[in-house]
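Student: Can you walk me through this one? I have not looked at it before.

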Amino acid sequence: REDGTILLPQLAERRRAPRQSLLQQALVRAHGTEIHAFARDISFGGIGLTRMPALRAGEHVEVELSSGRSFHGIVAWSSGEDTGIRFDRPLSPTDPLIFG
């Protein structure tokens with residue numbers, strides 16, 4: 001730019017699948033404890049959570065949504081209060097949480 005500021009291009013996200021907004025309360029069970037969290041988004045391969053303590057990548061968890069659906073998976077990443085969970089069994093692309 002003429003004013004000397006650096007303008008960086010938008011980088012493509014490295015996600016493997018598109019996300020669908022979810023916005024539900026969630027109960028996460030990990031290492032013998034229950035964590036009250038918030039599910040932000042979901043894809044056929046995993047779920048994004050916030051209001052989470054830091055968890056170790058590879059740790060097995062169970063996520064139960066306020067709608068009653070439950071999922072098992074592993075922590076793919078954790079940063080600050082945000083965590084990504086990769087499902088043990090991917091959802092169908094026509095699952096109501098994805099398609100709806």
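**A chat about the fold**

Student: Which residues does Ile 42 touch, not counting those up to four places away in sequence?
Tutor: Leaving those neighbours aside, Ile 42 touches Pro 18, Arg 19, Gln 20, Leu 22, Ile 47, Phe 71, Phe 87, Leu 91, Leu 97 and Ile 98. A contact here means heavy atoms within 4.5 Å.

Student: Before I go on, what kind of model is this?
Tutor: This is a predicted model, in which local features need pLDDT of at least 70, side-chain atom pairs count only at pLDDT 80 or more, and totals for chains, interfaces and linings use all residues. Residues are numbered from 1 along each chain as its sequence is written, and side-chain values use heavy atoms, with hydrogens and water left out.

Student: What is the mean pLDDT of the chain?
Tutor: The mean is 88, and 83% of the residues reach 70 or more. pLDDT is the predictor's confidence in each residue, on a scale from 0 to 100.

Student: Which elements have the lowest and the highest mean?
Tutor: Helix 1 (residues 96-99) has the lowest mean pLDDT, 87, and strand 4 (residues 60-65) has the highest, 98.

Student: How many helices and strands is that in total?
Tutor: One helix and six strands. Read from the N terminus, the order is β-β-β-β-β-β-α. Both kinds are DSSP runs numbered from the N terminus: helices are H or I with at least four residues, strands are E with at least two.

Student: And how are the strands arranged?
Tutor: The six strands close into a barrel in the order 1-2-3-6-5-4, with antiparallel pairing. From one strand to the next, the twist averages 45°. Axes for such angles are lines fitted to C-alpha atoms, for helices over the stretch in contact, and angles run from 0 to 180 degrees between N-to-C directions.

Student: How many bridges join strand 1 to strand 4?
Tutor: Five, between antiparallel strands; strand 1 covers residues 20-30. Val 28 has Val 63 in strand 4 as its bridge partner. For two strands to count as paired, DSSP must find at least two bridges between them.

Student: What about strand 1 and strand 2?
Tutor: Strand 1 and strand 2 pair over nine bridges, again antiparallel. Leu 27 stands opposite His 36 in strand 2.

Student: Then strand 6, what does it pair with?
Tutor: Strand 3 (residues 46-50) is joined to strand 6 by four bridges, and strand 5 (residues 70-79) pairs with strand 6 over six. Both pairings are antiparallel. Gly 48 faces Gly 84 in strand 6, while Gly 73 has Phe 87 as its bridge partner there.

Student: What is the phi of Gly 80 in the hairpin of strand 5 and strand 6?
Tutor: Positive, near 60°, and that hairpin has two residues between its strands.

Student: Where is His 31, and what is its phi?
Tutor: His 31 lies in the loop between strand 1 and strand 2 (33-42). Its phi is near 40°, a positive value in a residue other than glycine. Most residues other than glycine have a negative phi. The hairpin of strand 1 and strand 2 has two residues between the strands.

Student: And Leu 23, what is its phi?
Tutor: Near 55°, also a positive value in a residue other than glycine. Leu 23 is in strand 1.

Student: Are Leu 23 and His 31 buried or exposed?
Tutor: Leu 23 counts as exposed because its relative accessible area is 56%, and His 31 is exposed at 52%. Buried means under 20%, exposed over 50%, and partly exposed in between, with a 1.4 Å probe and protein chains only.

Student: Where does Arg 86 fall on that scale?
Tutor: Partly exposed, at 39%. Arg 86 sits in strand 6 (residues 82-87).

Student: What share of the chain is buried?
Tutor: Of the 100 residues, 36%.

Student: Last topic: how many residues are in the largest nonpolar core?
Tutor: There are 22, and those with the most contacts inside the core are Val 28, Ile 42, Ile 47, Leu 49, Val 61, Val 63 and Leu 65. Strand 1, strand 2, strand 3, strand 4, strand 5, strand 6 and helix 1 each give two or more residues to this core. A nonpolar core is a set of buried Ala, Val, Leu, Ile, Met, Phe, Trp, Tyr and Cys residues joined through side-chain atoms within 4.5 Å.
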